[in-house]
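Visitor: I should like to understand the terms used for this structure. May I ask for the reasoning behind each of them?

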Amino acid sequence: MNDPFATEPPTFAAQARTTGAAPVRLSVNGAVREVAAGTTLAAVVAELTGGNAPVGSADGRRAAGIAAALNEAVVPRGAWDRTPVRDGDRVEVLTAVQGG
Amino acid sequence: MTETTRPTGPAGATDRPDTPAATVASPLAGTSPGEDPLVIGGHTFTSRLIMGTGGATSHSALRAALTASGTELTTVAMRRLDPGVQGTVLSVLSELGVAVLPNTAGCYTAGEAVLTARLAREALGTDLVKLEVIADERTLLPDPVATLDAAEELVDDGFTVLPYCGDDPVVAVRLAELGCAAVMPLGSPIGSGLGIRNPHNFRLITERVGVPVILDAGAGTASDVALAMELGCAGVMLASAVTRAQRPAVMAAAMRDAVRAGRLAALAGRIPRRHFAEASSPQDGMAHLDPERPAFTS
């Protein structure tokens, strides 16, 4: 496995620069992000999707079409906004694509 | 119809008096797709063709092929979200009313496959998963040990598991015994179009496994699909044969009809194979002719 922290130079997100607390470095889909301490998984996903998240599942049940794993464990969508990210976290945000 | 107007049947046909139609079951009873559905776990489908979406050149080509195939269940893969991508395969499936079957393609370990399945369930709201744990990137053959491990974990976690496996009857039986809702043996390597390389093994699998057997991988054309169904498969999964055909929608229609034809042939019960001919015309009642003097020499 590649370690994104070993290769990416530090980049400070705006919110990290405006707070006094030490920023949090994490990997989001393999790219290093820096966010303010206390940032939630919900905010990390929202920044990634930029409001363009696919909506709706093919079988009509309530699902957003995307899912997130934090350090190799699924975090249910309903828990994203109460899940803070921490230094060194690995976040993977997946969706369905053509395949099989 | 009365005795006097009833046409004479072919020699050998049963010559019973007709009974009123209302009291006689249709000769095709029980064989229509609605009467003979594919049941996988708690899910019921009237189409026995599971389609893949890989290889389709555009969403419009995919939509046309899926429509022509008549499929009701179609696979997708789970990959990192690319926010730059507009429109998704999910919107195509949703528009067509086709249920989604997420796969774990690309996973090489049981752990990766289990996590991918859980993410798919969270993202798509389905308990169905097509479990794939690949052993080797050149052949894309399944890793039977890792597949068994992952299947056990996912069954215990409440998934309806459809594992991709080799055509080994022992592995297929073990997967079914673990609680998999179906087994999906390969006919030949993924994307190869080589059809069913070992029909005898497929026969052993369909005879021994108590869950639906679905041909996965290798179908190249309609006859491969018909053969799978004749060998007792409950369904067929394919992608490349359609999406990479010169006219995908036409091939999709061929596959739809081949699944149906093969299923009907399996239900009908084929004749036994023989070494020599068996006359289909009557052996007796021949005219006595002089074999030395055919009429045209007179």
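Visitor: What makes residues 8–12 of chain A a stretch of low confidence?

Guide: This is a predicted model, and pLDDT is the predictor's confidence in each residue, on a scale from 0 to 100. Over residues 8–12 of chain A the pLDDT stays under 50. In the model this stretch has nine contacts beyond four places in sequence. Residues 54–62 of chain A likewise have a pLDDT below 50, and there the model shows 25 contacts beyond near neighbours in sequence.

Visitor: Which elements of chain A have the lowest and the highest mean pLDDT?

Guide: Helix H2 (residues 14–17) of chain A has the lowest, at 50, and S4(A) the highest, at 96. Chain A averages a pLDDT of 78, and 67% of its residues score at least 70.

Visitor: What is the average for chain B, and what share of its residues score at least 70?

Guide: Chain B averages 91, and 90% of its residues score at least 70. Residues 1–11 of chain B have a pLDDT below 50, with 10 contacts beyond near neighbours in sequence. For the complex, the predictor gives an ipTM of 0.81 and a pTM of 0.84.

Visitor: How do you know that chain A and chain B are in contact?

Guide: Contact requires heavy atoms within 4.5 Å. By that test, 33 residues of chain A are in contact with 35 residues of chain B. The two chains bury about 2800 Å² between them, 62% of it on carbon and sulfur atoms.

Visitor: Why is the pair A:Glu92 and B:Arg80 called a salt bridge?

Guide: The term requires a side-chain nitrogen of Lys or Arg within 4 Å of a carboxyl oxygen of Asp or Glu. The side chains of A:Glu92 and B:Arg80 meet at 2.7 Å, N to O. The pair therefore satisfies the cut-off and is a salt bridge. The count between chain A and chain B is one salt bridge. Between these chains there are also 13 residue pairs in polar contact, both residues at pLDDT 80 or more.

Visitor: Which element gives the most to the side of chain A that touches chain B?

Guide: S5(A) gives the most, with seven residues. Helix H3 (41–49), strand S3 (66–70), strand S4 (74–75) and strand S5 (90–98) of chain A each supply at least two. The residues on this side divide into 17 nonpolar, 11 polar and five charged.

Visitor: How do you know that S5(A) pairs with strand S4 of chain B?

Guide: Two strands pair if at least two bridges are found between them. Five bridges join S5(A) to strand S4 (residues 73–80) of chain B, so the condition is met. These strands run antiparallel. A:Gln98 stands opposite B:Val76, and A:Thr95 stands opposite B:Arg79.

Visitor: Which strands of chain A pair with S5(A)?

Guide: Among them is strand S1 (residues 24–28), which pairs with S5(A) in the parallel sense over two bridges; A:Ser27 stands opposite A:Arg90. S3(A) is joined to S5(A) by five bridges, and these strands run antiparallel. Here A:Ile66 stands opposite A:Thr95.

Visitor: Why are strands S6 and S8 of chain B said to stand at the edges?

Guide: An open sheet of three strands in chain B has the order S6-S7-S8, with parallel pairing. Strand S6 (128–131) and strand S8 (184–185) each have a single partner strand, so one side of each is left without a neighbour in the sheet. Four bridges join S6(B) to strand S7 (residues 160–165), and B:Lys130 has B:Leu162 as its bridge partner there.

Key. Residues numbered from 1 in each chain as written. Chains lettered and ligands numbered in written order. Heavy atoms only, no water. Buried area = accessible area lost by both parts, 1.4 Å probe. Polar contact = N/O pair within 3.5 Å; in protein donor to acceptor, adjacent residues only side chain to side chain. Nonpolar A, V, L, I, M, F, W, Y, C, P; charged D, E, K, R; others polar.
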